[in-house]
Amino acid sequence: MGALFPDAATTEAVTVRVSVSYLAEQSEPARGRWFWAYHIRIENHGAGPVQLLTRHWIITDGAGARHTVEGEGVVGEQPVIQPGASYDYVSGCPLATPSGAMQGSYRMVAADGRVFDAAIPRFALLAPAEAE
């Protein structure tokens, strides 16, 4: 799974894996817009279920501008992930530069009520070199 999801981080028994793709068809470099899709897989390696409550992202563009995004759940859901199971979703990120990075965390709650933040590994957003 390392090649499909090159970036991963584990917090307690939760592993967050990321795969990112540049979407040329949704990007308009001449207008200063580049767009990526990222595929997240959240794996529960623990003995009990966990629920994703909120997300916290730090998005940095190639000029060093940082944007923080916070909100409830992911793609409109607050999934419960059973032991040994995983939850996948795909979302997107536009930038005003051809490169950048994202990282963050998910606020999780375990079956016993314990709350913890599962790290989202830092991953690069890199557009392919534009043909002259």
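These questions and answers walk through a predicted model.

Visitor: Is Thr-97 buried or exposed?
Guide: Look at where Thr-97 sits: the loop between strand E7 (86-95) and strand E8 (99-110). Its relative accessibility is 14%. Buried means under 20%. So Thr-97 counts as buried.

Visitor: Which residue has its backbone oxygen 2.7 Å from a polar atom of the Thr-97 side chain?
Guide: The Thr-97 side chain has polar atoms close to backbone atoms of other residues. The backbone nitrogen of Gly-62 lies 2.8 Å from one such polar atom. The backbone oxygen at 2.7 Å belongs to Ser-99.

Visitor: Leaving aside neighbours within four places in sequence, which residues are in contact with Thr-97?
Guide: Gly-62 offers its backbone nitrogen to look at, 2.8 Å from a polar atom of the Thr-97 side chain. Gly-62 is also on the contact list. The full list is Trp-34, Trp-36, Asp-61, Gly-62 and Ala-63.

Visitor: What is the relative accessibility of Ile-40?
Guide: Find Ile-40 in strand E3 (residues 34-44). Beyond its neighbours within four places in sequence, Ile-40 is in contact with residues including Val-16, Val-18, Trp-57 and Tyr-106. Ile-40 counts as buried, because its relative accessibility is 0%.

Visitor: Which residues touch the most other members of the largest nonpolar core?
Guide: This core has 28 residues. Strands E2 (14-22), E3, E4 (50-61), E7, E8 and E9 (115-126) each supply at least two of them. The residues touching the most other members are Tyr-38, Ile-40, Ile-42, Trp-57, Tyr-106 and Met-108.

Visitor: How many residues of strand E5 are buried?
Guide: Strand E5 covers residues 66-72 and has seven residues. E5 runs antiparallel to E4, and seven bridges join the two. Even so, E5 lies largely in the open, because the number of its residues that are buried is zero.

Visitor: Which residue takes a positive phi in the hairpin of E4 and E5?
Guide: Start from the paired strands: Thr-60 stands opposite Arg-66 in E5. The hairpin has four residues between its strands. The phi in question is near 90°, and the residue is Gly-64.

Visitor: What is the phi of Val-75?
Guide: Val-75 lies in the loop between E5 and strand E6 (80-81). Val-75 is partly exposed, with a relative accessible area of 45%. Its phi is positive, in a residue other than glycine, and near 40°.

Visitor: How far apart in sequence are Arg-114 and Glu-12?
Guide: Arg-114 forms a salt bridge with Glu-12, and the closest N and O atoms are 2.4 Å apart. Arg-114 is in the loop between E8 and E9, while Glu-12 is in the loop between E1 and E2. The pair links distant parts of the chain, 102 residues apart.

Visitor: Which residues are linked with Arg-114 in a network of salt bridges?
Guide: Arg-114 bridges to Glu-12, with the closest N and O atoms 2.4 Å apart. Asp-112 also forms a salt bridge with Arg-114, at 3.9 Å between the closest N and O atoms. The residues linked with Arg-114 are Glu-12 and Asp-112.

Visitor: Which strands hold Asp-117 and Arg-107?
Guide: Asp-117 forms a salt bridge with Arg-107, the closest N and O atoms being 2.5 Å apart. The pair ties together parts ten residues apart in sequence, because Asp-117 lies in strand E9 and Arg-107 in strand E8.

Technical notes: Residues are numbered from 1 along each chain as its sequence is written. This is a predicted model: local features need pLDDT of at least 70, side-chain atom pairs count only at pLDDT 80 or more; totals for chains, interfaces and linings use all residues. Side-chain values use heavy atoms; hydrogens and water are left out. Buried means under 20% relative accessible area, exposed over 50%, partly exposed in between (1.4 Å probe, protein chains only). A polar contact is a pair of N or O atoms within 3.5 Å; within protein, one must be able to donate a hydrogen and the other to accept it, and residues adjacent in sequence count only if both atoms are side-chain atoms. Contact means heavy atoms within 4.5 Å. A nonpolar core is a set of buried Ala, Val, Leu, Ile, Met, Phe, Trp, Tyr and Cys residues joined through side-chain atoms within 4.5 Å. Two strands pair if DSSP finds at least two bridges between them. A salt bridge is a side-chain nitrogen of Lys or Arg within 4 Å of a carboxyl oxygen of Asp or Glu.
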